[in-house]
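The exercises below concern a single protein chain. Please examine the sequence and the model before attempting each task, and then compare your reasoning with the worked solution.

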Amino acid sequence: MNTVLNQTNKTTDPYFIDFPKRIKSIQEMMQGQGIDVYLGSRLRTISWTVDVFCPWRSYIIIPQKGLPTAFTFLIDADRIGHDSWLDEEHVLGYGPVGGQDQVSILSNKILEYLDKGKGKVGIESGMSNYLPEGNLTHYEYDKLAEALPDVELVNAHDIVDKLSMIKDKGTMNRFREASRIVDIGHQAVYEAIKGGGWKGMTETEIAGLSAYAMRKAGSEFEWSFTGGNEIASGYRTGLAQGACTPASRKKLKAGEPLMVDLHAMFKLGLGDHTHNYLLSPATERQKWHAQNFVDLVKLVLKAYGPGATPSSLADKMLEFAEDHDFIEFVVPGCEHGIGMMGDEWRIGMNDGPFEYWTNPDHVYQAGEMVICAMQYACPEENIGFRYENPIIITDRGCEPLSKFPLRIEEI
């Protein structure tokens, strides 16, 4: 049986994360805000606190003191209880059984921590462009309010968002390993397509052979909900509003670009890197586009560091593109947020001009992580490129985690 007492020794495990300490930090912030119980429902919160992949609708209840209890669909509760740092008494299942449905089991557990059924419960609500975000639904809110008539439900997602912004050493190392695995996937693709090996291949085949290589290297999941490994060729690379390209059955063709965007997961740390090719024969115009993009990515990577903001980075890239006469091909923006599984979009806190979107003036600090994500698109010429790579903001700049060479080569 897994227990809270058998966490891996932090002196020997490079991927160690002190999850009991994370819970205590949440509890300290709860006490500061007068919150008696925290009800987490977002996937990012579950990953950050439970340390296990929870694909079903899941929740975590955190009292002001003591251990939290996680709840997931009963068909997966034993597996999650075994895999988590929590003992199996603190990972429970819900289902369509009397008194065991979500509302009943959550409200009953919450009441255990309240004096005479009264108090303040922090919930997670809001808006997202990320499909599996996990905010409390309108139905869940209404039913919980009905079951807890003397309880004040307050939005408190900022607690986890603040605490998870700066990454600890174990989290960083998990992302480093996930990126190492992604590089193995890229090498497998290169070995398969070089020397004309790409002839007759489809995008789905590229996605599959890279996935196999990464799985052999230890990847647990091609985590992107946009289609796993995103492979695009020809016109599909040049879609101006096409930053997500699940692999299609399209065959690779001579004279076209090929975009290989791979994803891996290691202990909920996420690898995400895109490498681009030109399938021979390439024209001088295609090579011009390719050089523009490589130069732009290098510029942005050098600009990252403490004190930089999303808007300052965008200004630099657009100014460079305008000076070199290719601004019409640059998609504004150069990043998206990243954290453990489920924390895959917004950068920083919800404190910008548009609620629940990235604040363009968020000031980066050492220890934050983002995906440097850039897109170049020329739909009229059926060509485009993408760059994605997790980076750690350091005191002096940034550390790109994927080490696969930054270049676009004719193959």
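**Exercise 1. Surroundings of Arg-236**

The side chains of Arg-236 and Glu-203 are joined by a polar contact of 2.4 Å. A polar contact is a pair of N or O atoms within 3.5 Å; within protein, one must be able to donate a hydrogen and the other to accept it, and residues adjacent in sequence count only if both atoms are side-chain atoms. The model is predicted: local features need pLDDT of at least 70, side-chain atom pairs count only at pLDDT 80 or more, and totals for chains, interfaces and linings use all residues. Residues are numbered from 1 along each chain as its sequence is written, and side-chain values use heavy atoms, with hydrogens and water left out.

Task: state where Arg-236 is placed, and decide whether Arg-236 is buried or exposed.

Solution.
- Step 1. Arg-236 sits in the loop between strand E7 (230–233) and strand E8 (257–266). Helices (H or I, at least four residues) and strands (E, at least two) are DSSP runs, numbered from the N terminus.
- Step 2. Buried means under 20% relative accessible area, exposed over 50%, and partly exposed in between (1.4 Å probe, protein chains only). Arg-236 is therefore buried, since its relative accessible area is 12%.
- Step 3. A polar atom of the Arg-236 side chain also lies 3.0 Å from the backbone oxygen of Ile-231.

**Exercise 2. Helix H7**

Task: compare the span of helix H7 with the expected value, and identify the residue that caps its N-terminal end.

Solution.
- Step 1. Helix H7 covers residues 169–193, which makes 25 residues. The expected span is 1.5 Å times one less than the number of residues.
- Step 2. From first C-alpha to last, H7 reaches 36 Å, close to the 36 Å expected.
- Step 3. The N-terminal cap is Asp-168, with a side-chain oxygen 3.2 Å from the backbone nitrogen of Gly-170.
- Step 4. After H7 comes Gly-195, with a positive phi near 65°.

**Exercise 3. Salt bridges**

Task: describe the salt bridges of Glu-112, Arg-180 and Lys-287, and give the accessibility of Glu-112 and Arg-180.

Solution.
- Step 1. Side chains of opposite charge can pair when their charged atoms come close. A salt bridge is a side-chain nitrogen of Lys or Arg within 4 Å of a carboxyl oxygen of Asp or Glu. The structure holds 26 of them.
- Step 2. Glu-112 pairs with Lys-109 at 3.2 Å, N to O. Both residues belong to helix H4 (residues 102–112) and are three residues apart, about one turn of the helix. Glu-112 is exposed at 56% relative accessible area, whereas Lys-109 is buried at 17%.
- Step 3. Arg-180 pairs with Glu-177, the closest N and O atoms being 2.8 Å apart. These two residues lie in helix H7, three residues apart, about one turn of the helix. Arg-180 is partly exposed at 41% relative accessibility, and Glu-177 is buried at 14%.
- Step 4. Lys-287 meets Glu-410 in a salt bridge of 3.7 Å, N to O. This pair links distant parts of the chain, 123 residues apart: Lys-287 in helix H9 (residues 284–303) and Glu-410 in strand E14 (residues 408–410).
- Step 5. A network of salt bridges links Arg-42, Arg-44, Glu-124, Glu-133, Asp-161, Asp-343 and Arg-346.

**Exercise 4. Cavities and the largest pocket**

Task: characterise the largest cavity and the largest pocket by volume.

Solution.
- Step 1. On a 1 Å grid over the protein atoms alone, a cavity is a set of points where a 1.4 Å probe fits but cannot get out; a pocket is an open set with protein on both sides within 12 Å along at least five of seven lines; lining residues have an atom within 4 Å of a point. Grid points are joined across faces, edges and corners, and a volume is the space filled by probe spheres set on the points.
- Step 2. There are four cavities of 30 Å³ or more. The largest has a volume of about 150 Å³. It is lined by 15 residues, those closest to its centre being Met-165, Lys-167, Asp-343, Arg-346 and Gly-348.
- Step 3. The largest pocket contains about 850 Å³ of space. Among its 32 lining residues, Ala-243, Glu-335, His-336, Trp-345 and Ala-373 lie nearest its centre.
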